[in-house]
Amino acid sequence: MSFKDKVVYQIYPKSFQDSDGDGWGDIRGIITRLDYLKELGIDCIWFNPMTVSPQRDNGYDVADYRAIDPRYGTMEDFAELSREAHKRGIDIMFDMVFNHTSIEHEWFKRAIAGETKYKNYYIWRKGKAPGVPPTNWQSKFAGPAWEYAEAFDEWYLHLFDPTQADLNWENPDVRQECADIVNFWRSKGVHGFRFDVVNLISKYTVDEDDPNNFDGRQFYTDGPHVHEYLKELAARSFGQDPDSITVGEMSSTTMDNCISYSGEETGELSMVFTFHHLKVDYKNQMKWELQPFDFKALKKLLSDWQTGMQEGKAWNALFLNNHDQPRALSRFGNDREYRKESAKMLATVIHMMRGTPYVYMGEEIGMTNAGFTDIRQYVDVESTNIFKVLKEQGKSEEEIYHILQERSRDNARTPMQWDDSLNAGFTSGTPWLQVCDRYKEINVKNDLEDPDSIFRYYQKLIQLRKENKVIQEGTFRQLLEDHTSVFAFQRTLGTEDVVVLANFYGNEAEITLDLTGYEMALSNIGRTDSDITVLKPYEAAVLIRR
Ligand code: TEU
């Protein structure tokens with residue numbers, strides 16, 4: 001499928017729509033909301049994992065890659081979802097978690113039971129001494145990256161939770177199993193695949209200590225065989241499908257690697273998620289240390305990734321939100337005084353750049369961070385772990401809550417807010433994660449009745465992309481590079497030309513640009529004139545010259 005004119009919508013299935021009152025979102029619930037998505041104008045839905053899982057990491061700990069978790073429904077329900085989606089011109093993207101499996105996966109169980117074949121599916125080492133792991137690496141969710149297995153007096157590697165054992169991709173059987181799983185879902189009509197942390201699958205070594213006493217990322221990020229493995233996976237599975245659309249999640253990656261991962265001719269993936277631009281509010285690059293976002297750095301990162309990837313003939317996935325990130329509106333916008341303006345401004349930036357835009361459920365109605373004030377409200381394993389770690393480090397609870405309110409992944413995972421009824425219309429039961437307490441004000445029903453609807457603005461952004469090749473394929477160039485509150489850029493293709501202006505702050509911003517000949521294509525404040533000299537707070541504008 002050509003993906004240059006497409007827009008993807010991300011559903012966190014656990015939190016989208018419950019149909020049977022058990023407090024969990026499910027497939028039948030999703031089906032009832034397909035018309036809503038059709039109306040938005042999206043082309044494809046990426047679902048976070050719905051396969052069988054003990055849910056230690058909300059489905060990213062897969063125990064069976066080929067079966068739908070009964071809490072989400074059945075394979076028949078999935079077939080119906082697929083039929084109903086395709087009927088509406090919507091494709092399906094599945095999440096393939098291949099860096100690790102749950103330790104409840106049959107492979108791991110057989111490994112522990114002593115079957116050599118399956119033991120070789122994972123990564124084992126002797127400890128340095130009794131009770132001392134093979135290396136000092138920290139897992140991404142805190143604590144050591146190795147877990148002791150008494151059965152062998154050896155340790156297995158887990159870059160994430162101890163229940164998520166890393167697969168040994170050097171083993172050709174593992175690589176074939178993964179290709180078979182992709183083909184299994186292809187046979188069920190799935191054309192889209194998102195590959196979870198796929199740039200971590202090939203390790204340089206697992207035997208060296210991290211000199212920084214950190215997570216050892218330099219030993220397994222963009223590793224020695226990763227491009228070879230991806231080309232092989234493509235050739236054995238999705239690469240045989242001209243309609244496939246694939247995206248790799250690339251943790252702490254580099255431009256050069258991404259040019260290969262998603263290059264037009266490299267035979268790897270359609271596009272990449274990268275995260276550099278979502279660390280501009282990490283103090284010293286540390287997730288749990290707060291600082292106001294560095295706007296200069298944000299502009300530079302967005303712009304460098306735009307130009308670098310276009311020069312390399314590679315393709316970006318465009319996003320500010322997903323299920324691992326706090327809500328961008330609360331983070332880079334103003335979710336109180338200028339909630340609608342800043343939600344639309346951020347969307348304008350994402351949708352007008354070069355790449356494929358992703359909309360994370362709820363951002364199209366301006367959903368905000370959760371605002372939880374008690375650790376019992378948090379479910380995410382990363383959040384509950386870090387709560388303990390920060391406490392041990394001597395931080396006050398007040399400080400820790402402040403950090404979690406800004407950074408926890410649960411901020412994005414609260415149930416979708418459909419209306420102002422109990423639990424925001426998400427469930428008639430008790431939701432697995434509490435609904436954000438602003439749901440009476442912020443919900444789909446209210447937004448659709450609002451003349452300033454955010455949803456309607458997203459519709460227009462999506463239509464603009466569909467109608468204008470320059471937005472799909474035009475060259476990106478940054479404007480007003482040194483401006484301290486405005487991000488501005490130009491897209492050009494032949495004689496078509498688009499200028500995008502976005503004020504990231506709550507003050508007016510003066511600009512000097514020659515805009516003669518441009519017409520206003522979209523404004524988030526209802527502006528009609530195009531000779532702009534002062535942008536209003538959080539104002540965004542899309543101007544076109546033909
Ligand atoms: O995330 C990988 C990842 O590196 C993150 O963005 C992660 O949330 C962060 O490092 C924690 O600080 C993917 C999935 O998107 C995430 O939900 C899973 O938990 C993770 O992989 C493990 O499968």
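A polar contact here is a pair of N or O atoms within 3.5 Å. Keep that cut-off in mind for the views below, which come from a predicted model.

**View 1. Gln-417 reaches a backbone oxygen.** A polar atom of the Gln-417 side chain lies 2.8 Å from the backbone oxygen of Ile-442. Gln-417 itself sits in the loop that runs between α14 (410-413) and α15 (444-449). Is Gln-417 buried or exposed? Gln-417 is buried, and its relative accessible area comes to 1%.

**View 2. The surroundings of Gln-417.** Setting aside neighbours within four places in sequence, Gln-417 is in contact with Ile-365, Met-367, Ala-424, Val-435, Cys-436, Arg-438, Tyr-439, Ile-442, Asn-443 and Val-444. Gly-371 is 46 residues from Gln-417 along the chain, and their C-alpha atoms are separated by 15 Å.

**View 3. Asp-69 in its loop.** Here we look at Asp-69, found in the loop between β4 (64-68) and α3 (75-87). Asp-69 has a relative accessible area of 2%, so it counts as buried, the cut-off being under 20%. Which residues does Asp-69 touch, not counting those up to four places away in sequence? They are Met-50, Thr-51, Val-52, Ser-53 and Gln-55.

**View 4. The largest pocket.** This pocket holds about 1400 Å³ of space. Its lining is made of 47 residues, and the closest to the centre are Lys-140, Arg-217, Lys-287, Trp-288 and Glu-382. Two elements, β15 (286-290) and α12 (381-392), give two or more residues to the lining. The one that gives the most is α12, with five residues. Sorted by class, the lining of the largest pocket has 17 nonpolar, 15 polar and 15 charged residues.

**View 5. Helix α12 up close.** Besides helping to line the largest pocket, α12 has a buried side. Its buried residues are Val-381, Glu-382, Ser-383, Asn-385, Ile-386, Phe-387 and Leu-390, and they pack against β15 and α13 (397-407). So Glu-382 turns up twice: it is on that buried list, and it is among the residues closest to the centre of the largest pocket. **View 6. The two ends of α12.** At the N-terminal end, Asp-380 acts as the cap: one of its side-chain oxygens lies 3.2 Å from the backbone nitrogen of Glu-382. After α12 comes Gly-394, with a positive phi near 95 degrees. From first C-alpha to last, the twelve residues of α12 reach 17 Å, close to the 16 Å expected at 1.5 Å a residue.

**View 7. Helix α11, largely enclosed.** Twelve of the 14 residues of α11 are buried, so the rest of the structure largely encloses this helix. The buried ones are Arg-339, Ser-342, Ala-343, Lys-344, Met-345, Leu-346, Ala-347, Thr-348, Val-349, Ile-350, His-351 and Met-352. How far apart are the end C-alpha atoms of α11 (residues 339-352)? They are 20 Å apart, which agrees with the 20 Å that 14 residues should span at 1.5 Å a residue.

**View 8. The second largest pocket.** The volume of this pocket is about 310 Å³. Twenty residues line the second largest pocket, and Phe-3, Gly-263, Glu-264, Leu-269 and Ser-270 lie nearest its centre. By class, its lining has seven nonpolar, eight polar and five charged residues.

Note on methods. Residues are numbered from 1 along each chain as its sequence is written. This is a predicted model: local features need pLDDT of at least 70, side-chain atom pairs count only at pLDDT 80 or more; totals for chains, interfaces and linings use all residues. Side-chain values use heavy atoms; hydrogens and water are left out. Helices (H or I, at least four residues) and strands (E, at least two) are DSSP runs, numbered from the N terminus. Buried means under 20% relative accessible area, exposed over 50%, partly exposed in between (1.4 Å probe, protein chains only). Contact means heavy atoms within 4.5 Å. On a 1 Å grid over the protein atoms alone, a cavity is a set of points where a 1.4 Å probe fits but cannot get out, and a pocket is an open set with protein on both sides within 12 Å along at least five of seven lines; lining residues have an atom within 4 Å of a point. Grid points are joined across faces, edges and corners, and a volume is the space filled by probe spheres set on the points. Ala, Val, Leu, Ile, Met, Phe, Trp, Tyr, Cys and Pro count as nonpolar, Asp, Glu, Lys and Arg as charged, and the others, Gly among them, as polar. The expected span of a helix is 1.5 Å times one less than its number of residues. A polar contact is a pair of N or O atoms within 3.5 Å; within protein, one must be able to donate a hydrogen and the other to accept it, and residues adjacent in sequence count only if both atoms are side-chain atoms.
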